[in-house]
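Please look through the model below, paying attention to how helices pack against one another. The text after it covers two helix contacts and one loop residue.

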Amino acid sequence: MEKNNKAVVVFSGGQDSTTCLFWALKKYDQVEVVTFDYNQRHKEEIEIAKEIANDLNVRHHVLDMSLLSQLAPNALTRDEIEVKDGVNGDLPSTFVPGRNLLFLSFSTILAKQIGAKHIITGVCETDFSGYPDCRDVFVKSLNVTLNLSMNDQFVIHTPLMWLDKAETWGLADQLDAFNYIREKTLTCYHGIRGDGCGECPSCKLRKNGLDTYLQQLKKENS
Ligand SMILES: [Zn+2]
């Protein structure tokens, strides 16, 4: 059987998906990325994704998913909804119901079109912020469903699934992409690149991981 070595990375221009892109570039001969436009608060997200794809010389697909914000208004798409963590078992206000279900399904349909067998996503269960569609069991279940739906053999890869944020920085470093990811990616809910605003839940998570990783490095080198 001929080895299929083409991959599609679900790509937002953030720390996690950019780490996944560098990971895929080491592993696969042909890599393309897909970004979803769902009326994110920050149009910069798509511009930054474009710029990174361009820097790394990969083909960039942008798919219109504006129906998602039509169906499920939330803090990522509506300025008037505040970004906050989930309390008392509630989901955070940034949760978009069904987002990864749709993103992975559309990414796999795209993979079918371009002849790729591998789909890579940066979802992660370790820093579980309560998103049910970031769980490993969900991704595995969807993988089976997608294969049945298209009578095909796609493999969804989740290289960050069991890493914490410090380990994700470690992986970026192993991939020789630490500085690039630190400076060029956008994780902040307020649309500020690199180290971000430092205040929103996303920046805090990123900064805690970065500080932990840098401390570990210091210890190893002392
Ligand atoms: Zn921020």
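The following paragraphs take the helix contacts in turn and then move to the loop.

This is a predicted model. Helix α6, residues 165-174, is a convenient place to start. Its axis comes within 7 Å of the axis of helix α8, residues 201-221, and the two cross at roughly 65 degrees. The crossing of α6 past α8 is right-handed. On the α6 side the contact is made by Lys165, Ala166, Thr168, Trp169 and Gly170. On the α8 side the residues are Leu205, Arg206, Asn208, Gly209, Leu210, Thr212, Tyr213 and Gln216. By character, the residues of this contact comprise five nonpolar, six polar and two charged.

Helix α6 also packs against helix α1, residues 15-27. Here the axes are 10 Å apart and the angle is about 35 degrees. α1 passes α6 in a left-handed crossing. Gln15, Asp16, Thr19 and Phe22 of α1 meet Thr168, Leu171 and Ala172 of α6. Three of the residues in the contact of α1 with α6 are nonpolar, three are polar and one is charged. Thr168 takes part in the contact with α8 and in the contact with α1.

The loop between α3 (67-71) and α4 (99-114) contains Gly98. Is Gly98 buried, exposed or partly exposed? Gly98 counts as partly exposed because it has 14 C-beta neighbours inside 10 Å, a count between the limits of 12 or fewer for exposed and 20 or more for buried. In sequence, Gly98 and Asp133 are 35 residues apart, while their C-alpha atoms are 7.2 Å apart in space.

Terms used
Residues numbered from 1 in each chain as written. Predicted model: local features only at pLDDT ≥ 70, side-chain atom pairs only at ≥ 80, totals over all residues. Axes fitted to C-alpha atoms, helices over the stretch in contact; angles between N-to-C directions. Helix = DSSP H or I, 4+ residues; strand = E, 2+ residues; numbered from the N terminus. Left-handed = near helix turned anticlockwise from the far one by under 90°. Contact = placed C-beta atoms within 7 Å. Nonpolar A, V, L, I, M, F, W, Y, C, P; charged D, E, K, R; others polar.
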